[in-house]
Amino acid sequence: ARRAQRRRRTSALEVASRMIINSDNTATNMIIDALGGTEVLNQKFAEWGLTATVLRNPLPDLEGTNTTSTRDLAMLMALVDQGGLLSPRSRDRLVSIMQRTANRSLIPTGIGNQDGTIVANKTGDIATLLGDVALVDTANGHRYALALLVQRPDNDGRASELIRRLTEITHSEINQPLSPVGRPPDPVAPPLPALDGESPAEGAAPPAVESQPALPANSPGQSGNAVPPG
């Protein structure tokens, strides 16, 4: 008698990890089916405000019939981060998985790892489109979502370089050191010295100090108080 072959069961966590870390299309299709199929998911996407994100065909979708946008991808990362879709435990697990993606050549490479920034990202590509979305924790304490999609001629490598350069520019702006806010208070004049051995009248107010007009925003003298964007 043949020994019955034991079928290996795969957990949803393992399948989802393969989908994210390795961009495994089979794992992605399995997750889509487990969550109710494309119609159910498209309805959810619409409820979340992801107006450009629509599933039309199983993966690999080489013709590009499944669609999304940079706005939708960044919004999805914000919803996840702010607790709108997942419990804190599930959110932290998702971010941990995204920190282990196999393809780190786009946004993570554009940021680099010299300043302690932590990047959780997910890439995607077909011949005519390359993209990456990431949740980024900067060294100065900021957290931001970044999504980039580049249409390209058939597998053109310049798309990768463009994503890296745009990432570098964006990150250097957001990760500027924080500056103090506001101007220092005006100095208070000391009391007038006594004349002819007399003391100033008790309770007399010191002479008023004329305040200086505020510097214009583009004045070099106010650069120390400027707040960087972001």
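**Exercise 1. Place Asn42 in this predicted model, then work out what its side chain reaches.**

Let's go step by step.
- Start with the secondary structure: Asn42 belongs to helix α3, which covers residues 38–47.
- Next, skip the neighbours within four places in sequence and see what Asn42 touches: Thr53, Val54 and Leu55.
- Now zoom in on Leu55. Its backbone nitrogen lies 2.8 Å from the side chain of Asn42. With the cut-off for a polar contact at 3.5 Å, this pair makes the list.

**Exercise 2. Work out the strand order of the open sheet, and say why β1 and β3 each have a side without a neighbour.**

Again, one step at a time.
- Lay out the three strands: the order is β1-β2-β3, and the pairing is antiparallel.
- Look at the ends of that order. β1 (118–126) and β3 (143–151) are the edge strands with a single partner each, so one side of each has no neighbour in the sheet.
- Check the twist: ignoring direction, neighbouring strands here are turned by 10° against each other on average.

**Exercise 3. Find out how β2 is joined to β3, and which helices pack on the sheet there.**

Here's the walk-through.
- Count the bridges: β2 (residues 129–137) and β3 run antiparallel and are joined by nine of them.
- Pick one example: Val133 has Ala147 in β3 as its bridge partner.
- Add the first helix on your list: α4 (residues 70–81) packs on the sheet, touches β2 and β3, and makes about 155° with the direction of β3.
- Then bring in α7 (residues 158–174), which packs on the sheet and touches β2 and β3, its direction making about 155° with that of β3.

Note on methods. Residues numbered from 1 in each chain as written. Predicted model: local features only at pLDDT ≥ 70, side-chain atom pairs only at ≥ 80, totals over all residues. Heavy atoms only, no water. Pairing = 2+ DSSP bridges. Helix = DSSP H or I, 4+ residues; strand = E, 2+ residues; numbered from the N terminus. Axes fitted to C-alpha atoms, helices over the stretch in contact; angles between N-to-C directions. Contact = heavy atoms within 4.5 Å. Polar contact = N/O pair within 3.5 Å; in protein donor to acceptor, adjacent residues only side chain to side chain.
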